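Colleague: Got a minute to go through the charged side chains with me? I'd like short answers, please.
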Amino acid sequence: MEGPTPLLELQNVTQAYGTGAKRFVAVSGVSLTIHEGEFVALLGPSGCGKSTLLRIITGLQKPSEGRVLYRGQPLAGVNPHATIVFQTFALFPWLTVQHNVELGLKARGVPKPERRERAIALLDKVGLDGFETAFPRELSGGMRQKVGFARAMAVEPELLCLDEPFSALDVLSAETLRGELLDLWTGGELPTKAILLVTHNIEEAVYMADRIVIMDKDPGRVVRDMKVDLPYPRSQKSASFLSVVDTVYAVLAGRTEAEYVEMGTAPGQPGRTRNLPEIDIAGLAIVLELVSQSPTRSANLYDLARELKLDSDELLKLAEAAELLGFATIDEGDIRVTDLGVEFAEADVTERKQLFAARIRRLPIFEWLLDMLEKEEDHEMQWDDVQDLLEREFPSEEAERNVETVVEWGRYGELLAYDDSREVIYLETPEREEQV
Ligand code: ADP
Ligand code: MG
């Protein structure tokens, strides 16, 4: 049975960045179809290639492999029927709110009176009536983001793409803006045929979308495409809502892999170097402590996120770290604390540091760094040099983040120290002290 032509179709899209040894596959073999009338959420951890896909969909970037069809036709160049709203929408500070909204219309040759009219109507729609002549600096973050929405919608895009549009806002503004956008969409008041929302927030995806495409990273790929059959407006506390959230958690927090896969390889070695999750170590201890107190030593990650009032993304990173360190295993959205994890949770600060140090020493990336430092004359290296070496494994932003995490974990475990004024990482060994 042939349905209507989809609005958008990605066929087996792959995106690699860089060449040679630096070649890095950001997105691999993604196929995705969006029909008119759909509100699709693209959900996945940071770095799984969501923004990359949005750029490909809007034609800002051509994929290394695969096809992009818009209304059945291969996309050539920038897609005039799609627009993106970014996390922090760039408004021109010297233009009024209204002129900012009119910008895109001007570029498309819409005559001045009509521009005015459409901008004013949209600003009214997003609740900014009366702010037409204000300047961006006079607005709160939430209001500025509304101007961003208005500007994106002014050109009446068929496909409205939103790249983590709420994640730079405070909790309350984000909540309000989500509700308002949904009201406009479900009320048929938006001049768009479909919405594609990129997010790493599970609850946000379940709250807003009628379909969730779940991605995972290394390499970025689609792991599940699921319908959300909940009527609007959705209650975040209803049992049916919670059950969908739970299902998504189970998909995202897969199961613990074999140890050698989990830990990755050292930089410079064949195979993937494990990206270290960016976490708060105190938070890790709290989670382990809490879960190890339950009779089964396990907990459902979603319940835990609610109990601890943690963002789903943050909790998943904590779970990932716990797993990497051997403090917990993950299965189908449940976390189970290991004996080692219990030991860590029950230890005092000194013992915790020792245990932590022993665990991170086993990670190939630490072995590699400690070994290099050992061989250096003063047992020290410049931060930038370490980062340069890691840039052979990771894109530069990620390389930097990994150095930050290595240093933070190493300092906690008292294996490493960092001298801020000279920007050097050095070894914190007892031998070193004895030498003095
Ligand atoms: P997400 O939006 O899901 O966080 P991105 O699409 O921004 O993911 O990035 C996916 C991966 O590709 C990341 O590892 C990122 O560092 C890398 N990446 C993104 N853009 C580029 C680029 N222009 N050059 C090199 N690497 C990139
Ligand atoms: Mg992104």
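Colleague: Let's start with R352. Is R352 buried or exposed?
Modeller: R352 is buried, at a relative accessible area of 15%. Buried means under 20% relative accessible area, exposed means over 50%, and partly exposed is in between, with a 1.4 Å probe and protein chains only.
Colleague: What should I know about the model itself?
Modeller: This is a predicted model, where local features need pLDDT of at least 70, side-chain atom pairs count only at pLDDT 80 or more, and totals for chains, interfaces and linings use all residues. Residues are numbered from 1 along each chain as its sequence is written, chains are lettered from A and ligands numbered from 1 in the order in which they are written, and side-chain values use heavy atoms, leaving out hydrogens and water.
Colleague: Back to R352. Which residue does R352 form a salt bridge with?
Modeller: With E289; the closest N and O atoms are 3.0 Å apart. A salt bridge is a side-chain nitrogen of Lys or Arg within 4 Å of a carboxyl oxygen of Asp or Glu.
Colleague: Where do the two sit in the chain?
Modeller: R352 is in helix α13 (residues 349–361) and E289 in helix α9 (residues 281–292). The pair links distant parts of the chain, 63 residues apart. Helices are DSSP runs of H or I with at least four residues, strands are runs of E with at least two, and both are numbered from the N terminus.
Colleague: And how accessible is E289?
Modeller: E289 is partly exposed, at 33% relative accessibility.
Colleague: How many salt bridges are there by this rule?
Modeller: The count is 18. One of them joins the side chains of E164 and K50, at 3.8 Å from N to O. E164 lies in the loop between β7 (159–163) and α5 (171–186), and K50 in helix α1 (residues 50–57), so this pair ties together parts 114 residues apart in sequence.
Colleague: Are those two buried or exposed?
Modeller: E164 is buried at 13% relative accessibility. K50 is buried too, at 4%.
Colleague: New topic. What about D371 and K375?
Modeller: Their side chains form a salt bridge, 3.0 Å from N to O. Both sit in helix α14 (residues 364–375), four residues apart, so about one helical turn separates them. D371 is partly exposed at 39%, while K375 is exposed at 66%.
Colleague: Last one: E203. Which side chain of opposite charge is nearest?
Modeller: R306, 7.2 Å away. E203 is buried yet has no salt bridge. E203 lies in helix α6 (residues 202–208).

Terms used: Lys and Arg count as positive and Asp and Glu as negative; His and the chain ends are not counted.
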